[in-house]
Amino acid sequence: MTVLDAAALPEWLTRAQFAALLQVSPKTVSRWIAADPSMRVQRLGPTGHRVRVHRSELDRDRAAVA
């Protein structure tokens, strides 16, 4: 992965943006969110189905979450 300029990224990323930066599927991001309640996410909308992931989550080690 290349070094990203965090200042150039929005603070909250969509699932698709987050997935593209990590080169994984958006479905994988959904699985990570479901498996890790400590992950910094915001749920939007009346049902909470729209999710934004904080850019600080890009630095977390995902090897432990499988």
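How many bridges join strand β1 to strand β3, and in which sense do the two strands run? Before I answer, one caution: what you have in front of you is a predicted model. Now the answer. Strand β1, residues 12–14, is joined to strand β3, residues 50–54, by three bridges, and the two run antiparallel. One pair to look for is Thr14, which stands opposite Arg52 in β3.

Next, the other partner of β3. Strand β2, residues 41–44, pairs with β3 over four bridges, also in the antiparallel sense. Here you can find Arg43, whose bridge partner in β3 is Val51, and Leu44, whose bridge partner in β3 is Arg50. The hairpin of β2 and β3 has five residues between the strands, and in this hairpin Gly45 takes a positive phi near 90°. As background, strands of a sheet pair through backbone hydrogen bonds, either parallel or antiparallel.

Put together, the three strands form an open sheet in the order β1-β3-β2, with antiparallel pairing. β1 and β2 are at the edges with a single partner strand each, so one side of each has no neighbour in the sheet. Direction ignored, neighbouring strands of this sheet are turned by 35° against each other on average. Helix α1 packs on the sheet, where it touches β1 and β3, and its direction makes about 90° with that of β1.

Now the helices. Helix α1 covers residues 15–22 and helix α2 covers residues 26–35; they pack at an angle of about 105°, with their axes 8 Å apart. The two helices are therefore roughly perpendicular to each other. Which residues meet there? From α1 there are Arg15, Ala16, Phe18, Ala19 and Leu22, and from α2 there are Pro26, Val29, Ser30 and Trp32. By class, this contact has seven nonpolar residues, one polar and one charged.

Last, one residue in strand β3, namely Val51. Is Val51 buried or exposed? Its relative accessibility is 4%, and buried means under 20%, so Val51 counts as buried. What is Val51 in contact with, leaving aside its neighbours within four places in sequence? The list is Leu13, Thr14, Arg15, Ile33, Val41, Gln42 and Arg43. Take Arg15 from that list: Val51 and Arg15 are 36 residues apart in sequence, and 6.6 Å apart in space, C-alpha to C-alpha. Arg15 also appeared earlier, among the α1 residues that meet α2.

Conventions: Residues numbered from 1 in each chain as written. Predicted model: local features only at pLDDT ≥ 70, side-chain atom pairs only at ≥ 80, totals over all residues. Heavy atoms only, no water. Axes fitted to C-alpha atoms, helices over the stretch in contact; angles between N-to-C directions. Parallel < 35°, antiparallel > 145°, perpendicular 65-115°, else oblique. Contact = heavy atoms within 4.5 Å. Nonpolar A, V, L, I, M, F, W, Y, C, P; charged D, E, K, R; others polar. Pairing = 2+ DSSP bridges. Buried < 20%, exposed > 50% of the residue type's maximum accessible area, 1.4 Å probe, protein only.
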